[in-house]
Every structure is written in structure tokens, then in C-alpha cells.
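User: Could you walk me through this protein step by step? I am new to reading structures.

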Amino acid sequence: MFKYAAAPGIYVGNYTLQLSRASSIFMLLAYMSYIFFQLKTHRQLFDAQEVEEEEEKAVIGFWSAFSWLVGMTVIIAVLSEYVVGTIEAASNSWGISVSFISIILLPIVGNAAEHAGSIIFALKNKLDISLGVALGSATQISMFVVPLSVIVAWIMHIRMDLDFNILETSSLAFTIIITAFTLQDGTSHYMKGVILFLCYIIIAACFFVQKTPLNNAALFNLGPELTPSSSGVLTA
């Protein structure tokens, strides 16, 4: 919004970068406050209502679970590094936009365990836990991982900001609004699930048909063989 609000002809790159870094700091503070609020001072607000049922016994102990978590994190980090390095090549070979691969396909695969967990808890009629897993993951990415990446890039002297494209920003805002309306009455039924699923399909379709390159300036350095037409389509 800051970029589009600037007067025409004014370079706002440095200002956008500074604003992004400042916003990232405040986003991290907000996320830490939320974690403290959820786990320490107002934990009772987030606890599921107690229902008389048999207590589930832990399958593995704390340190065993912690070891598995650390091991899987290391493996996923290595695989993620490999996957990220091959996104552009996969986009060229498959004929699919980079946006669709990175925003739709990768999260589906990377969050498979969380998706499975949400479905399992939902089938057990534990909707609070199911929503906690799904929404907690999205909140963690948007309010912790993204601003932390900006701060780390700042430390490494890399110019990374929060200036996303209009489609990504609109999709995020649309997602927040429709999720809030879905959950506001505290009830759940299959029709809400159908609507959420169809909305996700529409968003995925937007990124599937979007063919925005990684660097728009590269379009004008393709040589005499390819030139961008007025409609944005490359023509020979």
C-alpha cells in the first residue's frame, strides 16, 4: 500500500525497505506477545472444553519426541534447500509459474503432516485442536517466519522487504476475512468446509494462470528474438 500511495516518479525502494524492517520488528513483538498471552497469562482462553473421556496415553516420552523433532527438522531443512534451488528449473520444464509452485504446491507437500493432523483431529470431533494446528501454522508463518526472514536478511546485508505483489497481498487479505466470517459464530458444518475449499481452489487457479517472471526487467533483455507484446505475452 505504501508503494502504490507514493507520488508518481518518486523512488520509494529505500523507504519501503526501511518500513519493512521496522514493521518486521513490530510483527515479531506482536507474535511474541501472542505466544506469552496464549501460553502464560490467558492459557484458559485457548484450552479446549474439558470432556469426560478416557485419557490418551503418550506413545513416546518427551526426550524421544524431542529427538525425533530435531532430526526431522534437520532433514526437512536439507530437503527444503534442495527444493528451493530447483523451483525455477521445475517451473521452466513443467510450464508452471514459479508463484504456483512456491505458494500452492510446496506448502501442500511441506505441511502434509499438519494437514493430516488437522483432518485426524477433526474426525475425532476435536475442532479446537484441528483449528489450532491449521491456523497456528499460518499465523506462525505470517507473523514470525516472514518478519524474521527480513531481519536475518538485514543482518546479512540483503535487501529483503515486505513489498509483495498485489495478487499475494489481496489473497492474504481475502483469506483472513473469509476465515474470520467462517469462525465468528463458533459452529462448524460441511457447507463451511465446501466454501473454504472452493475459495482455496480459486486462489490456486489465480496463481496457476499467472505467468509473472521472477524479474520483470528480464523481459526487456531477452534479445531480438523475443519481445513482450502489449498484452504481456511474449511474441517472436
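Analyst: Happy to help; what follows is a set of questions and answers on this predicted model.

User: How many aromatic pairs are there, counting ring centres that lie within 6.5 Å?

Analyst: That cut-off decides whether rings of Phe, Tyr and Trp count as a pair. With this rule applied, the count of aromatic pairs is six.

User: Is the pair of Phe62 and Phe66 stacked or edge-to-face?

Analyst: Start with the distance: the two ring centres of Phe62 and Phe66 are 6.3 Å apart. Next comes the angle between the planes, which is 20°. Planes under 30 degrees apart count as stacked, while those over 60 count as edge-to-face. The pair of Phe62 and Phe66 is therefore stacked.

User: Which helix holds both Phe62 and Phe66?

Analyst: Phe62 and Phe66 are four residues apart, about one turn of the helix. The helix they both lie in covers residues 62-85, and its name is α3.

User: Is Phe62 buried or exposed?

Analyst: The relative accessibility of Phe62 is 58%. A residue counts as exposed over 50%, so Phe62 is exposed. Its partner Phe66 has a relative accessible area of 41%, which makes Phe66 partly exposed. To return to your question, the class of Phe62 is exposed.

User: Which residues of the UniProt annotation "transmembrane region" come at 20-37, and what percentage of that span is helix?

Analyst: The unreviewed UniProt entry gives this annotation to several spans, including residues 20-37 and 190-210. For residues 190-210, the end C-alpha atoms lie 31 Å apart and the span is 95% helix. For residues 20-37, the end C-alpha atoms lie 25 Å apart. The helix content of residues 20-37 is 100%.

User: Which helix gives the most to the largest nonpolar core?

Analyst: This core has 10 residues in all, among them Ile87, Ile101 and Phe207. Helices α4 (87-94), α5 (98-110) and α9 (190-209) each supply at least two of its residues. With four residues, the helix that gives the most is α5.

User: Which residues does Ile101 touch, leaving out those up to four places away in sequence?

Analyst: Ile101 is one of the residues in the largest nonpolar core. Two of its contacts, Ile87 and Ala90, belong to that core as well. The full list for Ile101 is Ile87, Ala90, Ser91, Trp94, Ile96, Leu106 and Pro107.

User: Where does Asn125 lie, and what is its phi?

Analyst: Asn125 is found in the loop between α6 (112-123) and α7 (127-155). With a relative accessible area of 69%, Asn125 is exposed. Although Asn125 is not a glycine, its phi is positive, at about 65°.

User: What is the relative accessible area of His157?

Analyst: His157 sits in the loop between α7 and α8 (166-183). Phi of His157 is positive too, near 60°, in a residue other than glycine. His157 counts as exposed, and its relative accessible area is 74%.

User: Is Ser20 buried or exposed?

Analyst: Ser20 belongs to helix α2 (residues 13-41). Beyond its neighbours within four places in sequence, Ser20 is in contact with Val150, Asp161, Leu162 and Asp163. Its relative accessible area is 5%. Buried means under 20%, so Ser20 is buried.

User: How many disulfides does a search of the whole structure find?

Analyst: Two cysteines can be described here: Cys199 is buried at 13% relative accessible area, and Cys206 is partly exposed at 32%. To count as a disulfide, two cysteine sulfur atoms must lie within 2.5 Å. The number found by the search is zero.

Note on methods: Residues numbered from 1 in each chain as written. Predicted model: local features only at pLDDT ≥ 70, side-chain atom pairs only at ≥ 80, totals over all residues. Heavy atoms only, no water. Buried < 20%, exposed > 50% of the residue type's maximum accessible area, 1.4 Å probe, protein only. UniProt positions renumbered as here; feature names shortened; annotations may be inferred. Core = buried A, V, L, I, M, F, W, Y, C linked by side-chain atoms within 4.5 Å. Contact = heavy atoms within 4.5 Å.
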